[in-house]
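Biologist: Please take a close look at one part of this structure, the sheet together with the helices. I would like one connected description rather than a list.

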Amino acid sequence: ENVADDSAREGQAVAARLRASQAGIQLGLSGGPAMVPFLEALAAARAPWSRVGVWPVDEAVVAESHPARTWAQLWGLLAVPATFTGIPVDPLTDTTGAAAAQRYALALAAPPCRAVLDLVVLSLGVDGSVAALFPGDTALRERCDVVSVAARNGHPRVSLTLPTLARARALVVIASGAESRAALAQLLVGDPAIPAGRLRHPDFTVFADAAAAGT
């Protein structure tokens, strides 16, 4: 299989989940380069977008025009009539993202989420990271809903925490590329040494392309 085939399969599978819901559905999404083919495939799939709320699982504390912004990626690639709720970062007045984390936690706690996302789709980092939670981060011990995390790649981020991700009604993790093969193996055995390996859920789907799976 090639990347386009894998992404189309993943997009169709997530779209089918959205169609299966008879009510509104709150969808948490990762950003980043590895998610681009999936987001494009999801946008092309048939889904009840007017009943879908889209929530980023993490965001960089940078200007809106910065390429690291998850919001711009989700909004730009999906371009669907869903309800988008961004993480309200402001690098000029809230350099660490702490205030943005508090405001986003309040938004998540209010209807329609009430602190529970229906479906969360995460990209698996080559180091086993998910959202903006990296191996060894103190944020992995946080029990709150949203947290500001230390700078990575030159800028801090705001991220949902492991308890918030685990509280979702369903989880999907996407692994792509040969560089993700080791992290995928750790995820599949539930290795707590990586953040993804700490996720436990009764409705947990892992998609891996041929390169990540080593086939």
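Modeller: What follows goes through the sheet, then a helix that lies across strands, then a pair of helices. The model is a predicted one.

The sheet is open and has 3 strands, in the order β3-β7-β6, with antiparallel pairing. Its edge strands are β3, residues 58–60, and β6, residues 146–152, and each of these pairs on one side only. On average, neighbouring strands of the sheet are turned by 20° against each other, with direction ignored. Strand β7 covers residues 155–160 and pairs with β3 in the antiparallel sense over 3 bridges. Within this part of the sheet, D58 stands opposite S159 of β7.

A helix also meets these strands: α4, residues 98–109, lies across β6 and β7. The direction of α4 is at about 145° to β6.

The remaining part is a helix pair. General practice is to describe two packed helices by the angle between their axes and the distance between the axes. For α2 (residues 36–44) and α3 (residues 70–78), the axes come within 8 Å and cross at roughly 40°. Because of that crossing angle, α2 counts as oblique to α3. On the α2 side the contact involves V36, L39, E40, L42 and A43, which meet Q73, L74, L77 and L78 of α3. Sorted by class, this contact between α2 and α3 consists of 7 nonpolar residues, 1 polar and 1 charged. The charged residue is E40 and the polar one is Q73.

Terms used. Residues are numbered from 1 along each chain as its sequence is written. This is a predicted model: local features need pLDDT of at least 70, side-chain atom pairs count only at pLDDT 80 or more; totals for chains, interfaces and linings use all residues. Side-chain values use heavy atoms; hydrogens and water are left out. Two strands pair if DSSP finds at least two bridges between them. Helices (H or I, at least four residues) and strands (E, at least two) are DSSP runs, numbered from the N terminus. Axes are lines fitted to C-alpha atoms, for helices over the stretch in contact, and angles run from 0 to 180 degrees between N-to-C directions. Contact means heavy atoms within 4.5 Å. Angles under 35 degrees count as roughly parallel, over 145 as roughly antiparallel, 65 to 115 as roughly perpendicular and the rest as oblique.
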